[in-house]
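User: I'd like to learn how to read the features of a structure, one at a time. Can you walk me through this one?

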Amino acid sequence: MMSRNVLYNLIALLTVTFWGLTFVSTKILILCGLTPAWIFIIRFAIAYLCMVAICHKKLWSDSRRDELCMAVMGLTGGSLYYIAENTALQWSYASNVSMIVCGATPVMTILLCAVFDNQKISTRTILGSALALSGVAMVMSDGTFSFGLSPKGDILALFAALLWAVYCLLLKRMSGRYSNLFITRKIFFYGCATGLVWSLFEEMPRMPADGSIVTVIINLLFLGVVASFICYMMWGDVVKVLGPDHAANYIYFNPLVTVIASMLILGEPITLWLVIGGIMTVAGVWMTSR
């Protein structure tokens, strides 16, 4: 019988695989004319409706402090994170944004856990994280280490990584007191609510009149139902069982999925550096996860 830890490591891998596809999916929606804020709002609105259908009995947290924490999680793991990430995709390639966000998030999560939870950072964790990050950098730079990043996209991507690290830390603290379904529903609600405030500064989205309407609908459903509704529930269980620092290392797989998806959709070739970097990333995550 499969052990509990092995099972949740596999769930973590499946979750980040779907999340790796979201960079390409969001880029497609941006090219179709949707704005970063409205992509997020529609995505989370779909996820929230799905969540309400299965979790609607308990409305509020047990205290005002916990409710405020849920609101902060809705910001750090919802509206602020995705608007920053989606806006970065307007100014840079999906692979570049994926590399920055997914490369910096595990390191920031480990540092936050060390500072606020007094967790010790082992030598294996440091070496594994360094190896995985080096592999991601090699994949994205194709061995040249000349990324050509947009300064604005660079800053926003790093900010998004910090937000997700804070979200994982808060998620760990709330997961022992509330059900995963309740927490996820709260995140979707506060994410949508705060995202709507941001949308006041953007134009209403206009659905394309040509044949790309089907593409838009498919990508929005993928982002809302699969990447948000299903994946957020799975990630909540992963963080609860494995811990935020351990789970965060799986984020290193995101860029690999993004690159492969970009290759299949856009026809980009597989290079030798992609293969080498991918092996390094997998090896680094394996070292840290042992």
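**Reading the fold**

Analyst: The protein chain has 11 helices and zero strands, where helices (H or I, at least four residues) and strands (E, at least two) are DSSP runs numbered from the N terminus. Along the sequence the pattern reads α-α-α-α-α-α-α-α-α-α-α. Before we go on: this is a predicted model, so local features need pLDDT of at least 70 and side-chain atom pairs count only at pLDDT 80 or more, while totals for chains, interfaces and linings use all residues. Residues are numbered from 1 along each chain as its sequence is written, and side-chain values use heavy atoms, with hydrogens and water left out.

User: How do I read burial, and what percentage of the 290 residues of the protein chain count as buried?

Analyst: Buried means under 20% relative accessible area, exposed means over 50%, and partly exposed is in between (1.4 Å probe, protein chains only). Of the 290 residues here, 53% count as buried. For a single helix, take H3, residues 64-91: 20 of its 28 residues are buried, so the rest of the structure largely encloses H3.

User: How do I check the length of a helix? What about H1?

Analyst: Compare the end-to-end C-alpha distance with the expected span, which is 1.5 Å times one less than the number of residues. H1 covers residues 4-31, and its 28 residues reach 41 Å, close to the expected 40 Å. H3 also fits: its end C-alpha atoms are 39 Å apart, which agrees with the 40 Å that its 28 residues should span.

User: And bends? Where does H1 bend?

Analyst: The bend at a residue is the angle between axes fitted to the seven residues ending there and the seven starting there. H1 bends by about 25° at Thr22. In H3 there's a kink of about 45°, centred on Leu75, and H8 bends by about 40° at Cys231.

User: What comes just after H1 and H8?

Analyst: A glycine with positive phi, in both cases. Gly33 has a phi of about 110° just after H1, and Gly243 has one of about 95° just after H8.

User: Back to Cys231: is that residue buried or exposed? And how many disulfides does the structure hold?

Analyst: Cys231 is buried, because its relative accessible area is 0%. Cys50, at 24%, counts as partly exposed. As for disulfides, you look for a pair of cysteine sulfur atoms within 2.5 Å, and the structure holds zero.

User: How do I find places where distant parts of the chain come together? Which residue is paired with Leu221?

Analyst: Look at C-alpha distances alongside sequence separation. Leu221 lies in H8, residues 212-242, and its C-alpha is 7.5 Å from that of Ile46, 175 residues away along the chain. Leu221 counts as partly exposed, because its relative accessibility is 44%. Met233 is in H8 too, but is buried at 17%; its C-alpha is separated by 6.4 Å from that of Thr184, 49 residues apart in sequence. Then there's Asn5, in H1, partly exposed at 46%. The C-alpha atoms of Asn5 and Val238 are separated by 9.2 Å, with their positions 233 residues apart along the chain.

User: Now empty space. How many cavities of 30 Å³ or more are there?

Analyst: On a 1 Å grid over the protein atoms alone, a cavity is a set of points where a 1.4 Å probe fits but cannot get out; a pocket is an open set with protein on both sides within 12 Å along at least five of seven lines, and lining residues have an atom within 4 Å of a point. The search of the whole structure finds one cavity of 30 Å³ or more. Its 13 lining residues include Trp19, Phe23, Tyr81, Glu85 and Asn254, the closest to its centre. H1, H3 and H4 (94-116) each supply at least two lining residues.

User: What lines the second largest pocket?

Analyst: Arg65, Asp66, Leu68, Cys69, Val72, Leu170, Arg173, Met174 and Arg177 do. H3 and H6 (151-175) are the elements that give two or more residues to this lining, and H3 brings the largest share, five residues.

Terms used
Grid points are joined across faces, edges and corners, and a volume is the space filled by probe spheres set on the points.
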